[in-house]
Structure formats: C-alpha cells, structure tokens
Amino acid sequence: MNQQRRELLKYTTVFGLMASAGLITSVQAEEWNKAAFEGKSLDEVFKALGTNTPDKSGAIVINAPDIAENGAVVPVGITTTLKANQLAILVEKNPSPLAAEFYIPAGTEPMVTTRIKMAQTSNVYALVKADGKWTMAVKEIKVTLGGCGG
Amino acid sequence: MKQRFPKASMRKTFRFVLGLIIIGGVSAAYAQSTADEIAKYRQMIADGNPSELYEDAGAEVWKKPAGPKNASLEKCNLGLGPGVIQGAAAQLPKYFPDTNRVQDLESRLITCMSTLQGISAQEIIDAPIQKGLKKDMDALVAYVVTASKDQKIKVSVRHPKEKEAYELGKRAFYYEGGPMDFSCATCHGSDGKRIRLQDLPNLTTQAGAAAGWGSWPAYRVSSGQFWTMGLRLNDCYRQQRFPYPIYGSELLTAISMYMAVNANGGTMQTPGLKR
Amino acid sequence: MGDPMRIRAAESNGIVDVKILMKHDMESGQRKDSAGKLIPAWFISTVSVKAQGKEVFVADFGSAVSKDPFLNFKYKGSKGDKLVVSWVDTKGDKRSDEATVS
Amino acid sequence: MKSKIFLLLALFAVLTSNAIAQSSFDAKFQKMMSDGFRAEGIAGLDRIQQDETQKFCSNPKLINTKQGALKAIELQKLNMASIVQPTDGKYIGDWKNGEAIAQSGRGATWTDKPDTVNGGGCYNCHEINKKEISYGNLGPSLWNYGKNRGYSQELITYTWNRIYNSKAYNACSNMPRFGHFKLLTQEQMQDVMALLLDPQSPVNQ
C-alpha cells in the first residue's frame with residue numbers, strides 16, 4: 001500500500017503540468033479506497049487497509065470530547081509521536097465505520113483534526129500507519145440527544 | 001467530632017455506590033463531568049465556525065448589483081448611515097424615520113432590498129427557508145453581524161415607538177398558548193435551567209439576554225445551517241407548538257427588541273456556533 | 001462548481017498551521033427527505049493541499065464526515081507560502097481555492 | 001373644597017387617560033399577534049386563542065397579587081374538574097413503552113403530520129432513568145419516583161392527575177396538560193405511569 005501510494009504521488013507530479021493546464025486535477029489522480037470506505041464492519045475496513053486488527057499503541061492520542069452535544073458534528077483529532085505517513089478515523093457503530101483517511105507526506109506533522117458524524121454512542125478508533133504497520137488507539141464518545149427533539 | 005459523617009449522607013453515599021453498581025457505572029457523578037465534557041465539545045467546534053462561509057457569500061451579495069433596479073446594497077442604511085456596516089447590528093432594532101417604524105436587521109434588509117434594488121418585499125417574506133432570496137438574506141445577515149463582533153450591545157428606547165416595541169415584545173414574551181401552554185418565558189424566564197443538556201438563558205435578565213441575544217445569529221451544528229434571528233425565533237415558535245410566525249413581522253421585531261434592550265451593555269459574539 | 005472555501009494558514013516557528021472550511025452538504029446517503037425518500041449519498045471524497053506546488057496533505061473522506069467539512073493540519077513551511085486547496089466530490093464536482101501563509 | 005374637586009378631576013383624568021392608553025396598547029398587541037402568525041400544517045391560528053388558564057398565566061404581574069392568588073385557586077379547581085380517570089381502571093402500563101414516550105419530544109408542531117405519534121418529551125425537563133445523562137431541569141428529578149414515595153393508590157392517582165392536567169395543582173405550572181389537550185393517549189399515559197411507578201421499572205431500582 002505504502003509503495004503504491006508513493007508511486008501514486010510520483011504519478012501526480014508527472015501529471016502536474018496537465019493539472020496546472022486544467023486538463024486534470026491532481027485530486028482526480030488520488031486513489032480513494034472504495035473497499036475500505038464501503039466496509040460495513042471494523043474487520044472489513046481493517047482488511048481493506050491491508051491489516052489484521054491493529055495493536056493498541058500508547059503513542060497515539062485521540063483528541064475528542066467524551067460527550068458530543070450533537071452527533072452531526074463530532075470533533076476528532078489524532079496526534080502521534082510515531083513517524084506516521086497515514087492516519088484513519090473509524091467509528092465502530094456507524095453503518096460504514098471508516099470516516100476518513102489522511103496521507104502525511106514527509107515534512108507534514110503526524111496530526112489532523114476534523115469533524116465527523118456519529119449515528120450513536122460508539123467507540124472511535126484512531127489508526128496510524130508508521131513503518132508499514134498499522135497501530136491504533138480507542139476512545140468511546142457518547143452522543144447525546146439534544147434540544148426539544150420536536 | 002463523632003458526627004463528622006452524618007447518617008443521611010452515609011446513606012446517600014451508600015445508595016450512590018449501590019446505584020453505581022446496579023446501573024453499571026452510569027450515575028449521578030456525571031453531573032459535573034458531563035458539563036465539563038460538553039464545554040470541551042463546544043470549545044473544540046468553536047475553532048472553525050462555518051458561519052464564515054456564509055459571511056463570505058454575504059459580502060458578495062452586498063456588493064453585487066441585483067433586482068429590477070440592478071443596484072447593489074452598498075447604500076443601504078442600517079442605522080449608522082448609508083453603507084455603514086461596522087457596528088450596525090449591535091444597535092438594532094431601532095426606529096427608522098423613513099419607514100416610520102422600528103426595524104430589526106432582517107426587516108431593515110428587506111426595506112433596502114425593496115427600495116434600492118426593487119425586489120418585492122413580499123417575495124422575500126414568502127421565500128422558503130434557506131432558499132432563493134432567503135438564502136441571500138442569510139448570507140447578508142452573516143456578513144453584517146460579523147461586522148459587529150465584539151461590539152457593545154447598545155439599543156435605544158428613546159423614541160416612543162422604540163419604547164412601545166419593547167413593551168409589545170415583553171408582552172409577547174409572556175404570551176402563553178398552544179396545546180402545550182408554552183410561552184417564551186416557560187423556558188427562558190428563570191436562571192440555571194436546561195432542556196436536555198442545553199442551557200437556557202434567562203432572557204428576562206441582562207446577563208441571560210446578553211448571552212442569548214448576543215450569540216445569535218449562529219451556525220447551527222444540528223441542522224448544518226446558518227440561522228438568522230428570524231429563523232431562530234421561527235423555530236422557537238415551532239417548538240412552542242404555535243402557528244407560523246411571519247417573517248419580517250412586527251411581532252418578531254418586538255420580541256427581538258425585548259431581548260436586545262435587556263441585553264444592553266453585553267457584547268455581540270456574532271456569528272455564534274450552536275449545537 | 002462548489003462555493004468558496006475559507007482557508008486560514010499561519011506560520012510559527014517554522015510550522016504552518018492550516019485550517020480549512022469547505023462548503024458542502026456531505027450527504028451520507030442515510031438521510032431521508034420530508035417525503036420519506038432516501039437522499040442519495042453525495043460528499044467530498046478527496047481533499048488535496050499543495051504548498052508551493054508540493055503536496056503537503058491529502059484527506060480521503062467517507063460519508064461520515066460532517067456537513068461543511070473542517071480540516072486542521074500542520075506542515076513545515078514559511079510565511080508567504082502559496083497554498084492551493086482542491087477538493088472533488090462523488091459527483092465529480094470540484095473546487096480549488098488559494099491562500100497565502102501569514 | 002375647590003382644590004379637592006380639582007384634585008379628584010385630575011385623578012380621574014389621569015386614570016381615564018391611563019385606561020385609554022392601556023386599551024389602545026391592548027388593541028395594538030392583539031393586532032400584532034393576529035398579523036404576526038399564519039396557519040401552517042396542523043398548527044392553526046386557533047392555537048393563539050387562549051383559554052382562561054393561559055390568559056391568566058400570561059400576566060406575571062397579576063399572578064403575584066392577592067387577587068391573582070385567588071384566581072389561581074379557582075383555575076386549579078377548574079382544571080381538576082376536567083380530569084378523567086382511566087376508563088379501563090388501569091393506571092400502570094408498560095414501562096418500556098413509557099421510556100420511549102419519555103424520550104420522544106415529537107409531535108404537535110407544524111412540521112409534524114396529523115398522524116405523528118406524540119412523545120411526552122419528559123427528559124426535556126426531568127431526570128428520570130439515570131442512565132439517560134441528557135436530561136433537562138425545568139422540572140424536578142423523577143429518579144426513584146415510586147421507590148421514594150411508596151406505591152400508594154393516593155400517589156398513583158396524584159401522578160395520573162399531574163400528567164393529565166398539571167394545572168390542577170399549580171395554575172401556572174410549566175408542564176403541559178397531556179391528557180387535557182390529548183397530547184398523549186390514555187394508553188401512553190398508562191405507560192409513562194409505569195415508568196415512574198412500576199417497581200420493576202429501572203427508575204425505581
């Protein structure tokens with residue numbers, strides 16, 4: 001996967017001129033991991049990412065509240081001291097667990113913050129790929145019902 | 001000294017611990033930590049308020065010639081002179097001599113769009129929420145209120161019509177009706193109240209009104225939409241189980257006037273970011 | 001053609017902190033409209049960020065990223081770097097915006 | 001003598017002008033309300049026509065007077081008289097359904113359909129089952145409701161009445177009159193009763 005990815009990045013630079021000429025954009029050339037995003041369980045996603053269930057790592061920190069006031073917007077951040085080149089956020093109880101995947105070229109910090117939707121209270125997994133190996137951290141985020149509900 | 005732990009509190013503690021065991025760790029201990037975690041949630045989403053996207057769109061709408069008269073809104077007078085946006089929202093609603101009535105931001109923008117651009121006021125009022133002319137209105141409101149961020153709320157009641165609008169708004173605030181007997185005051189008339197986990201500002205006090213009035217309009221996370229005060233009040237009345245409040249009506253201006261005057265001295269934190 | 005993004009990028013001690021807000025409904029495919037019909041999925045699938053022409057960050061999104069997506073990341077860079085942020089969604093709509101690091 | 005008459009006249013003038021000002025203000029207010037709303041979906045304009053209780057409770061100044069206190073008692077009697085006890089004699093239904101009803105805040109808005117099943121919205125204002133951490137505090141905590149109060153028939157009837165028409169006990173209670181305005185069906189109220197009063201309900205553990 002990693003090797004593939006590097007080649008893809010090279011590819012992208014080759015197409016750089018075409019992109020700047022407006023013929024294609026570089027984003028078109030990126031690989032979107034359909035199998036992983038359409039996986040319906042954690043195991044299916046892990047498999048599509050080319051890993052068994054990753055080991056837990058103390059070097060990964062999930063920055064997120066314990067309780068989300070609204071499941072439509074749940075802030076989730078990952079930071080790690082590992083030399084990561086890929087990060088991913090998974091929500092166990094979402095219909096499709098993989099929420100987002102990030103590619104970290106050299107020179108970019110192994111951290112990201114984004115906002116995701118959660119259908120219900122669930123474990124959230126932060127996956128980090130470093131030296132070709134996926135590891136992870138887990139945190140439960142409670143999603144509460146809010147407002148008058150009408 | 002013997003009575004350092006009175007029996008009642010021992011019993012309470014016992015029941016509490018028992019409760020912990022029975023319901024598997026979910027307990028009254030949440031009260032404080034829940035509030036802390038909700039605060040953390042709000043702080044995390046505050047960085048990167050999608051209202052900014054509406055504000056950018058609003059700046060475009062403001063400058064772009066439109067309507068039958070193909071004019072922009074750059075000469076619109078929001079109370080501080082033609083084209084002055086900076087701080088304008090912090091002093092609204094107010095009395096406007098040209099229309100001889102008290103107007104809030106949205107009602108005034110309707111006036112500008114109809115007089116300067118020739119757009120039918122009724123068409124704006126009738127446009128469905130978040131669509132067409134209302135979409136333009138949302139963007140304009142985001143643009144204008146952002147220019148009052150951190151300004152002191154300073155709404156006048158010197159003009160008799162301003163005073164009257166305040167009194168009418170106050171009466172509407174306490175008006176109970178519908179199948180659930182709700183008024184605005186049912187939920188916003190005392191301190192320290194919540195619906196579910198959402199704090200309810202007491203809009204009858206200065207502090208509460210400053211917190212409530214001062215943080216709307218806002219981007220609403222639950223709907224993924226920017227809500228003007230008109231839309232905020234529309235949904236209040238929906239939840240109150242009232243009929244549909246008419247956009248730009250004297251009623252909505254009066255309610256706004258009541259909140260804004262109560263909030264005087266507070267700070268505009270607009271646009272806000274809400275659950 | 002999507003709506004403009006809001007990009008903020010500030011440098012401090014050689015690290016550029018980039019915050020991006022994109023305007024997109026990010027329909028998950030799980031939501032129903034008022035008539036009870038399922039609204040088809042339609043979301044940004046890839047975001048790419050280039051600084052001075054070099055790719056510094058790529059995000060692939062699934063259907064569970066929130067409406068009006070937000071991204072925050074950091075890379076080694078300098079004031080004045082020219083950033084180009086581009087996204088493409090599942091219908092092939094695209095958007096590119098630029099910003100200069102302050 | 002003359003000055004006394006003058007004073008009386010002046011007083012009369014002030015009073016009548018106040019009264020005129022008041023009635024013109026009333027008229028303005030009524031016009032503002034009737035021009036301010038339109039019917040939408042199931043939310044008709046009849047909803048801003050107030051019954052006597054609503055009219056009274058919309059006047060916070062009056063509520064706190066002696067006259068207001070008397071009026072409140074009269075209104076409580078009126079509301080009490082309108083309460084109907086369960087026609088099948090059953091007060092306690094299914095607490096599991098009751099929990100779902102307590103969770104749901106749906107119904108009776110203009111975005112609801114005529115056949116939308118109403119919820120009780122109980123958690124909006126009350127702590128009930130402690131497992132639900134997202135609860136409001138406009139009303140008192142109902143955790144251990146039956147356990148703390150005993151399961152007497154008196155308590156059962158009182159609770160039924162409170163849910164059916166809370167204004168029977170407090171004319172300006174913030175709690176909707178669920179039975180009176182048919183917000184909940186008899187069966188739904190029996191289920192909510194079970195949530196509070198069934199010894200098996202998680203609320204009483």
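**Chains C and D in the predicted model**

Colleague: Among contacts in chain C between residues at least 6 apart in sequence, what percentage joins residues at least 24 apart?

Modeller: This is a predicted model, where local features need pLDDT of at least 70, side-chain atom pairs count only at pLDDT 80 or more, and totals for chains, interfaces and linings use all residues, while side-chain values use heavy atoms and leave out hydrogens and water. Residues are numbered from 1 along each chain as its sequence is written, with chains lettered from A and ligands numbered from 1 in the order in which they are written. Taking a contact as heavy atoms within 4.5 Å, the share for chain C is 56%.

Colleague: Thanks! How many helices and strands are there in chain C?

Modeller: Helices (H or I, at least four residues) and strands (E, at least two) are DSSP runs, numbered from the N terminus. From that end, chain C reads β-β-β-β-β-β-β. The tally is zero helices and seven strands.

Colleague: And why is chain D described as more spread out than a compact globule?

Modeller: Chain D has nine helices and one strand. The globule rule, 2.2 Å times the number of residues to the power 0.38, goes with a radius of gyration over C-alpha atoms. For 205 residues the rule gives 17 Å, so chain D counts as more spread out because its radius of gyration is well over that, at 22 Å.

Colleague: What percentage of the residues in chain D is buried?

Modeller: Buried means under 20% relative accessible area, exposed over 50%, and partly exposed in between (1.4 Å probe, protein chains only). In chain C, buried residues are 54% of 102. For the 205 residues of chain D, the figure is 45%.
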